[in-house]
Amino acid sequence: MMKTNKSEALKLAVIGGGASGLVAAISAVRQAEKQGRSVKVTIYESNSRVGKKLLATGNGRCNFTNDSVEKHNFHGDADFAEKVYTRFNNADIKAFFYSVGVFPKSDAAGRVYPMSLQASSVLDALRCETARLGIEEITDTMITEFRRKDSGFLLNSVYYADKVIIAAGGKAAPVHGSDGNMLSLLKKYGIEITPLLPALTPMQCDSFPKILKGIRAQGRITLRCLGRILAEDTGEIQYTDYGLSGIPSMQVSGFAARALYEKRGEVTATVDSCPSMEKAELKRELLRLIRSNPDMPGELLLAGLMPKRLGMTILSDCSVNPSKSIGMLHEGVVDKIVSQIKGKKYKINSVKGFNDAQVTSGGISTEGIDENTLELKMLRGAYACGEIINVDGDCGGYNLQWAWSSGMLAGISAVREK
Ligand SMILES: Cc1cc2nc3c(=O)[nH]c(=O)nc-3n(C[C@H](O)[C@H](O)[C@H](O)COP(=O)(O)OP(=O)(O)OC[C@H]3O[C@@H](n4cnc5c(N)ncnc54)[C@H](O)[C@@H]3O)c2cc1C
């Protein structure tokens, strides 16, 4: 694998065969072909096969981008993210996948999936393209060190590469291969890494009522620290035995993790279990129901608004006897019920760790990365892409959008003549 002669093909090593690494490798070869340049790309992957995490994305359906991609969908360094994803935007990503046989299909919320609704179809298409382009995959090989050798790099004291793309992911979901080992290695080499925290993960609450476990209900979560709103999201909340899960909880969890990590003060999540109605309207509706059906048992008062068990818990919090008729309830109790429905407050103790998280908040500091090429300023010839960089996105296809966009930029930059 030693480089001997300048006229030989450029040797490019991609460390990590996840979403960003696969696309970086493909983009590098396509770019080299455009330039009439010869490149030999090798992907080094610690798992026994590439793309393991991709198969788990979007509940096995792979939500690979979104119809609307905006700066507010990204965290960490969102300005940096914007500079990269606007160069290879969601339309480019859809076109790229279309070119390899993946037909994009959007759901009502704008989340884009393959028409097959199978993540495996995305991975198969990527692997078919890597094979067509002659990209080599060396699996079961974890890169544990790399050092300068001539004008390039020597990986694990064995593999020589003129250029390296670091696409080894973050720390989230280590079961799929990304355990943060590369971030530790880069830190040793003097590359600045921002604090690593789990994001898109369930939140653990103080004294959470176990009776709620298993309920799934529409609602809005408003996350606050010291009274200030940090984040808000609406959707299907999943109640667990330890706290709040489901998309709204995951969406706000990164903000909770950061506020708790920085010890900013008490973090609370307020759940609105009827976000489609304002307080006044909800009160009017409950009073109407009570007046028109005074003999209805209390247990049915909220049954048409939310899952029965959730409604019963709210009634119990307001000391309403579920077997007594609702005609007995006076306005003060209705006010209490409305307040509980619209603003049940939970104190957040912690968020679930990296094992349960979908993405890592934090990573290589963008200060150390050239935004035009994704080359590491302290390690010329080495490029980074994907979750390993201090950029993370909301649920909804944004993390893969970031992985593809940054992978494309890193791949093209690595082979482009300066
Ligand atoms: C359950 C789950 C569901 C998700 N669903 C979605 C979704 O639907 N939409 C979305 O946008 N995002 C989703 N995400 C997030 C998204 O999958 C990731 O952000 C994205 O895959 C990151 O891509 P990456 O290439 O940077 O890293 P990874 O996909 O993590 O790939 C990194 C690769 O590098 C390998 N590796 C690590 N260290 C080394 C080393 N030293 N040497 C060699 N190889 C190494 C790893 O084994 C891994 O294969 C989901 C995440 C999870 C966990």
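Which helix gives the most residues to the shell around the ligand? In this predicted model, that element is α11, with four residues. The helix spans residues 398-415, and it is listed together with α1 (19-35), α2 (52-56) and α6 (181-188), each of which supplies at least two residues of the shell. In total, 35 residues surround the ligand, and Ser 20, Glu 45, Asn 181, Glu 387 and Leu 400 are the closest.

Polar contacts to the ligand involve both side-chain and backbone atoms of the protein. An oxygen atom of the ligand lies 2.8 Å from an N or O atom in the side chain of Ser 20. For the side chain of Asn 47, the corresponding distance from an N or O atom to an oxygen atom of the ligand is 3.4 Å. A polar backbone atom of Ile 143 is placed 2.9 Å from a nitrogen atom of the ligand. Taken on its own, the ligand has 1,000 Å² of accessible area, of which the protein covers 94%.

The overall features of the protein chain provide the setting for this site. The protein chain contains eleven helices and 21 strands. Along the principal axes, its C-alpha atoms fill a box of roughly 90 × 45 × 35 Å. Of the 418 residues in the protein chain, 53% are buried. Among contacts with a separation of 6 or more, 75% are made by residues 24 or more positions apart. The exposed area of the protein chain is about 18,100 Å², and carbon and sulfur atoms supply 49% of it. The protein chain carries 53 positive and 45 negative side chains; the centres of these two sets lie 2 Å apart.

Several positions were examined individually, beginning with Asp 179. This residue is found in the loop between β11 (163-166) and α6. Asp 179 counts as partly exposed because its relative accessible area is 38%. Beyond the residues up to four places away in sequence, Asp 179 touches Gly 170, Lys 171 and Pro 174. Its side chain is joined to that of Asn 181 by a polar contact of 2.6 Å, and Asn 181 is itself listed among the residues closest to the ligand. The C-alpha atoms of Asp 179 and Asn 355 are separated by 9.4 Å, although the two residues are 176 residues apart along the chain.

A second position, Thr 360, belongs to strand β19 (residues 359-361). With a relative accessible area of 1%, Thr 360 is therefore classed as buried. A polar contact of 2.8 Å links the side chain of Thr 360 to that of Glu 387, another of the residues closest to the ligand. A polar atom of the Thr 360 side chain also lies 2.8 Å from the backbone nitrogen of Lys 171. With residues up to four places away in sequence left out, the contacts of Thr 360 include Gly 170, Ala 172, Leu 196, Leu 197 and Phe 354, as well as Val 391 and Asp 392. Gly 170 and Lys 171 are touched by Thr 360 and also by Asp 179.

Two further buried positions lie in strands. Thr 65 is found in β3 (residues 65-66) and is buried, since its relative accessible area is 0%. Not counting residues up to four places away in sequence, Thr 65 touches Asn 90, Lys 94, Gly 110, Arg 111, Val 112, Gly 396, Gly 397 and Gln 401. Of these, Gln 401 falls within the range of α11 (398-415).

Val 41 is located in β2 (residues 39-44) and is counted as buried because its relative accessibility is 1%. With the same sequence neighbours excluded, the contacts of Val 41 are Leu 12, Val 14, Ala 25, Ala 28, Val 29, Gly 134, Ile 135 and Glu 136. The C-alpha atoms of Val 41 and Gly 368 are separated by 25 Å, and these residues are 327 residues apart along the chain.

Helix α9 was considered with its packing partners. Within this helix (residues 308-317), Leu 310, Gly 311, Thr 313, Ile 314 and Leu 315 are buried. The buried residues of α9 pack against strands β14 (216-225) and β15 (228-239) and against helix α10 (331-343). Just after α9, Ser 319 adopts a positive phi of about 55°.

Note on methods:
Residues numbered from 1 in each chain as written. Predicted model: local features only at pLDDT ≥ 70, side-chain atom pairs only at ≥ 80, totals over all residues. Heavy atoms only, no water. Buried < 20%, exposed > 50% of the residue type's maximum accessible area, 1.4 Å probe, protein only. Contact = heavy atoms within 4.5 Å. Areas by Shrake-Rupley, 256 points an atom, 1.4 Å probe, with all protein chains shown as cover. Lys, Arg positive; Asp, Glu negative; His and termini not counted. Charge placed at Lys NZ, Arg CZ, Asp CG, Glu CD. Near = heavy atom within 4 Å. Polar contact = N/O pair within 3.5 Å; in protein donor to acceptor, adjacent residues only side chain to side chain.
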